[in-house]
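Hi,

Here is the structure I said I would pass on. Have a look at it first, and then read my notes below.

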Amino acid sequence: MEVATIQRFQCSSWIDLRTFEGKPRGSLRYSLRFKEDKRLRVVSLALDNRRDHRLRSVSDNNSSVLETGSLLHSPSDEEQILKLLQRKAEEVKPYLNGQSIYLVGMMGSGKTTVGKIMARALGYTLFDSDTLIEQAMNGTSVAEIFEHFGESVFREKETEALKKISLTYHQVVVSTGGGAVIRPINWKYMHKGISIWLDVPLEVLAHRIAAVGTDSRPLLHDDESEDIYTAALNRLSKIWDGRGEAYNNANARVSLENIALKLGYKSVSDLTPTEVAIEAFEQVQSYLDNKDGIARPDGL
């Protein structure tokens, strides 16, 4: 089941965002946005009611299907979720004023997958900091950089990449490496935009990593005396002890546990990346509203 779960989370082929226009509504006012929020909550509630009805109808006869979450999203639900994503992106975009978004979180938290969805919805460009580092090192993989040059070299390259992005580009979504948060200088660059922490339970991360292996995770070393899940969880716990507090420097936090609770899901693993992206937009909106009172687009 874990393999199906990780493949479901990583694969976004079912998400068709090509019809998104991403046009900013420059004349958007707070009163109108409040009304739109109310309407979107009604849409979300309708989705929850339909989802609960389906869950109740099959709970007695097919509990194994419920565990996979395969019945949680019908085609009509997916269409409504995508519309909600588009609305949220169009709503937030004028308030961003071109600011970039930096996604931070532990390895396996889905930063690149969620970042891709957010970038498409906003009409932004997606950058993956690890990919930029590999390109700067003539195609050397992250794992090879750690093996042949050491973590210190990788961290220097990571800082260089974040500096270049923050000083050169606007309207980008950046998927950072899990350890980008440990260097204060990196926060200086990321805070030129808006940083979002994807907060995923360690047990969920361990299941995801165990499903795909640790070959591309240089900080995870399998212990032959333990199964891969236990080894991954133990190592993740140690990594968390060293950097967990640093994630609190992010401007906004997206808790997958909170999203699952809000939507009435049995497990965090039932969440789709699109639902996580919607929550990210909501948290960005909340941050901007609270930053200096009510944030307004240029010209308002």
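Phe-127 is buried, since its relative accessible area is 15% and the cut-off for buried is under 20%. Keep in mind as you read that this is a predicted model. Phe-127 sits in strand E2 (residues 125-128), and its ring has a partner.

A search of the whole structure turns up five aromatic pairs. In one of them, Phe-127 and Tyr-169 meet edge-to-face, with 4.8 Å from centre to centre and 70° between the planes. This pair links distant parts of the chain: Tyr-169 belongs to the loop between H8 and strand E3 (172-175), and the two residues are 42 residues apart. Tyr-169 has 33% relative accessibility, so it counts as partly exposed.

Trp-197 and Trp-240 make another pair, and this one is stacked: 6.2 Å centre to centre, with 25° between the planes. It also links distant parts of the chain, with Trp-197 in strand E4 (residues 194-199), Trp-240 in helix H11 (residues 228-243), and the two positions 43 residues apart. Is Trp-197 buried or exposed? Its relative accessibility is 6%, so it counts as buried. Trp-240, at 29%, counts as partly exposed. Ring pairs also bring in Tyr-247, which forms a cluster with Trp-197 and Trp-240.

Now for the overall picture. The chain has 13 helices and five strands. It is 300 residues long, and 49% of them count as buried. Take the contacts in the chain with a separation of 6 or more: 78% of them come from residues 24 or more positions apart. As for the surface, the chain exposes about 14,800 Å², and carbon and sulfur atoms supply 48% of that.

Next, the inside. The largest nonpolar core has 64 residues, and the ones that touch the most other members are Leu-96, Met-118 and Ile-196. Another core, of seven residues, lies apart from it; among its members are Val-142, Ile-145, Phe-146 and Ala-161.

Leu-96 is a good residue to click on. You will find it in helix H4 (residues 75-96), and it is buried, with a relative accessible area of 0%. Which residues does Leu-96 touch, not counting those up to four places away in sequence? They are Ile-101, Leu-122, Tyr-124, Ile-194, Val-284 and Leu-288. Take Ile-194 from that list: Leu-96 and Ile-194 are 98 residues apart in sequence, yet their C-alpha atoms are 8.7 Å apart in space.

Right after that comes Asn-97, in the loop between H4 and strand E1 (101-104). Its phi is near 50°, a positive value in a residue other than glycine. Asn-97 is partly exposed, at 39% relative accessible area.

Two helices are worth a closer look.

Helix H5 (residues 111-122) has 12 residues, which at 1.5 Å a residue should span 16 Å, and its end C-alpha atoms are indeed 16 Å apart. How many of the 12 residues of H5 are buried? Nine of them are, so H5 is mostly covered. The buried ones include Lys-111, Gly-115, Met-118 and Leu-122. Just after H5, Gly-123 takes a positive phi of about 75°.

Helix H8 (residues 151-168) passes the same kind of check: its 18 residues should span 26 Å at 1.5 Å a residue, and the distance between its end C-alpha atoms is 26 Å, which agrees. Its buried residues are Phe-154, Arg-155, Glu-158, Thr-159, Ala-161, Leu-162, Ile-165 and Ser-166. Why do they count as lying on the same side of H8? Because they cover an arc of only 160° around the axis. The face of H8 turned away from that buried side carries the exposed residues Ser-152, Lys-164 and Leu-167.

One last stop, in the loop between H8 and E3: Gln-171. It has a positive phi of about 55° although it is not a glycine. Gln-171 is partly exposed, with a relative accessible area of 40%.

Have fun exploring!

Conventions. Residues are numbered from 1 along each chain as its sequence is written. This is a predicted model: local features need pLDDT of at least 70, side-chain atom pairs count only at pLDDT 80 or more; totals for chains, interfaces and linings use all residues. Side-chain values use heavy atoms; hydrogens and water are left out. Helices (H or I, at least four residues) and strands (E, at least two) are DSSP runs, numbered from the N terminus. Buried means under 20% relative accessible area, exposed over 50%, partly exposed in between (1.4 Å probe, protein chains only). Contact means heavy atoms within 4.5 Å. Accessible areas come from the Shrake-Rupley method with a 1.4 Å probe; for residues, only the protein chains shown count as cover. The expected span of a helix is 1.5 Å times one less than its number of residues. The arc is that of the directions from the helix axis to the C-beta atoms. A nonpolar core is a set of buried Ala, Val, Leu, Ile, Met, Phe, Trp, Tyr and Cys residues joined through side-chain atoms within 4.5 Å. Rings of Phe, Tyr and Trp (its six-membered ring) pair if their centres lie within 6.5 Å; planes under 30 degrees apart count as stacked, over 60 as edge-to-face and the rest as tilted.
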